[in-house]
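Here is a short tour of a few spots worth a look. Please open the structure and follow along.

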Amino acid sequence: MIPSYDPHDSEYGLKLLEDLTTNAYEVQQKVLEEILAKNAQTEYLKSFLNGHYDKKLFKQKVPVVNYEDVKPFIERIANGEPSEIISAQPITELLTSSGTSGGQPKMMPSTAEDLERKTFFYNLLVPVMNKYVDGLDQGKGMYLLFIKPEISTPSGLVARPVLTSYYKSSNFRNRPFNRYNVYTSPDETILCSDSKQSMYCQLLCGLVQRDQVLRVGAVFASAFLRAIKFLEDHWKELCSNIRSGQVSDWITEESCRNAVSLILGKPRSDLADLVEHEFATKSWEGIIKKLWPRTKYIEVIVTGSMAQYIPTLEFYSGGLSLISTMYASSECYFGINFKPLSKPHDVAYTLLPNMAYFEFLPVERNHEDVVLCNGVSDQNCALKEDETEKLETVDLVDVKLGHYYELVVTTFTGLYRYRVGDILMVTGFHNNAPQFRFMHRKNVVLSIDTDKTNEEDLLNAVTQAKLLLEPLGFLLIEYTSYADTSSIPGHYVLFWELKVKGNNDLEELIHPSIMEQCCSTVEESLDSVYRRCRRKDHSIGPLEIRIVKHGTFDALMDFAVDEGSSVNQYKTPRCIKSEKAIKILDSRVVGRYFSKTTPFWEPFRMETK
């Protein structure tokens with residue numbers, strides 16, 4: 001199901017996409033047939049189908065599952081049992097998800113063939129962009145790409161994020177030359193394990209080659225904005241390196257240093273003066289276009305929780321288009337944005353029917369609590385699901401325009417009828433393949449970078465922190481939260497309304513050190529992805545707790561009721577996005593406290609069971 005394709009042949013690439021989307025039903029049937037035929041004898045499928053691979057029987061007998069259902073099978077493979085538990089093809093590595101289970105990253109199976117499928121997918125992005133933007137073969141892309149830490153497993157299989165897997169693969173490192181995909185960053189800088197050295201070197205290379213840069217970007221909007229913050233902190237040193245032709249001494253990763261030195265070459269005082277002049281301006285509005293004047297667009301994911309960064313990106317962009325090209329996860333690569341120049345809020349992805357077998361669980365829009373809820377939503381808002389014993393799914397070609405669905409995938413790598421947890425809305429069709437707008441992750445309430453904190457995680461963390469207050473006579477009577485991205489990096493903000501036993505003044509009694517400990521306790525209680533973002537990636541700032549006056553949450557409820565919520569059904573949302581609601585809370589703040597410590601984190605290591 002991986003067609004041979006020359007990425008230089010844009011015309012054929014577009015024809016291939018037309019064929020796939022026109023024959024979406026037939027392709028989907030072939031995908032399911034191939035997956036079942038290859039894997040019918042695996043322990044997992046055999047337990048439901050008894051060695052048969054009838055497609056109708058598959059839907060009748062194989063259950064729709066979540067991660068907790070398949071976790072024992074994946075952990076057995078991680079502990080050294082054979083791949084045939086779930087996959088006829090050898091599992092070559094495990095891909096860690098940004099979602100967590102028991103506080104640790106979820107692990108998804110992957111195979112060698114799956115790398116080929118991802119490479120095919122990436123190559124198809126090229127003809128789509130060429131259709132809308134001319135001349136992309138006349139320069140380079142300054143893409144800021146990074147690797148993350150790996151996890152060791154008893155089986156010897158490495159577990160790592162999907163992008164780290166791809167960048168370290170021979171498919172990426174030994175990729176054939178493609179004039180449409182030439183990067184300013186040498187591979188050595190991308191593969192540098194020190195994220196600070198990697199960022200510095202990639203930005204230095206991008207500045208030195210500024211006249212060749214036609215597009216800039218990172219995977220997520222948050223990472224690109226982190227790069228701008230890095231420029232704010234290091235631009236004088238970068239200019240000094242360009243002026244002297246020498247890389248700073250603290251860049252000690254040898255292969256990285258050597259690769260950058262070759263690009264830096266001789267001293268370039270004229271170039272240093274030029275970029276220094278742009279950096280030294282009072283306002284950095286439009287700085288991207290000023291530093292890289294030939295840039296045609298910024299390529300970053302700005303859908304889902306990343307939409308919160310759109311205003312900041314627009315400030316720095318100088319009017320450049322913000323482009324989200326693809327929709328993918330650790331489980332599978334899903335779809336492509338066929339209209340890349342569309343506005344961020346209009347982005348829709350067309351699922352490629354040969355990437356996996358897709359099914360959809362219908363979900364219903366609930367209009368009650370939508371006013372105060374984050375776009376990345378909690379269980380109380382936006383969506384409710386008909387919980388029945390047998391979950392009835394809809395096939396890819398049978399989804400309905402304007403309806404909402406939770407995505408379910410059966411992959412080539414050993415996941416069968418697996419609930420991804422993404423909520424999508426059908427916005428249209430390209431030929432016979434539906435196009436979806438990514439709405440949010442199911443149950444996620446807070447997200448700054450790759451972290452995804454759900455309502456239960458937040459409750460558990462707050463519960464641990466409030467134990468520090470109760471012996472002192474304070475009771476936490478209500479709380480909510482939001483992701484504050486007004487500064488870089490963004491950080492979690494919790495609003496707490498406290499009650500004091502007796503009639504004493506709250507402001508006089510509460511000691512800053514106690515509240516700072518509460519902030520630290522919340523952080524220590526959050527999952528490993530959050531703690532990694534805080535400690536290693538520095539992509540999330542210190543958590544903040546804002547204490548609000550008595551009666552604040554009553555005012556919040558009054559606001560929600562005024563906006564149309566039902567008094568009888570109102571529940572305090574555990575996350576908020578409404579600017580009006582945040583203003584109501586902020587106007588009643590009597591104390592602000594930040595975590596003074598960085599939470600503990602180390603790469604997860606599986607113990608043999």
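Where is the place of Leu467? In this predicted model, Leu467 sits in the loop between helix 16 (455-466) and strand 20 (474-484). Leu467 counts as partly exposed because its relative accessibility is 45%. Its C-alpha atom is separated by 9.8 Å from that of Thr521, a residue 54 residues apart from Leu467 along the chain.

Thr521 falls within the range of helix 18 (residues 512-525), so let us turn to the sheet that this helix meets. The sheet is open and has 4 strands in the order 20-21-22-23, with mixed pairing. Strand 20 and strand 23 (589-594) are at its edges; each has a single partner strand, so one side of each lacks a neighbour in the sheet. From one strand to the next, the twist averages 25°. Strand 22 and strand 23 pair in the antiparallel sense over 5 bridges, and Val548 stands opposite Val589 of strand 23. Helix 18 lies across strand 21, strand 22 and strand 23, and runs at about 60° to strand 23.

The residue ranges of some of these elements are listed here.

| Element | Residues |
|---|---|
| Strand 20 | 474-484 |
| Strand 21 | 491-500 |
| Strand 22 | 544-548 |
| Strand 23 | 589-594 |

Now for a helix elsewhere in the chain. The buried residues of helix 5 (residues 67-78) are Tyr67, Val70, Lys71, Ile74, Glu75, Ile77 and Ala78. Why are they on the same side of helix 5? They cover an arc of only 150° around the axis, which puts them there. At the start of helix 5, a side-chain oxygen of Asn66 comes to within 3.2 Å of the backbone nitrogen of Glu68. Just after helix 5, Gly80 has a positive phi of about 110°.

Conventions:
Residues are numbered from 1 along each chain as its sequence is written. This is a predicted model: local features need pLDDT of at least 70, side-chain atom pairs count only at pLDDT 80 or more; totals for chains, interfaces and linings use all residues. Side-chain values use heavy atoms; hydrogens and water are left out. Helices (H or I, at least four residues) and strands (E, at least two) are DSSP runs, numbered from the N terminus. Buried means under 20% relative accessible area, exposed over 50%, partly exposed in between (1.4 Å probe, protein chains only). The arc is that of the directions from the helix axis to the C-beta atoms. A polar contact is a pair of N or O atoms within 3.5 Å; within protein, one must be able to donate a hydrogen and the other to accept it, and residues adjacent in sequence count only if both atoms are side-chain atoms. Two strands pair if DSSP finds at least two bridges between them. Axes are lines fitted to C-alpha atoms, for helices over the stretch in contact, and angles run from 0 to 180 degrees between N-to-C directions. Contact means heavy atoms within 4.5 Å.
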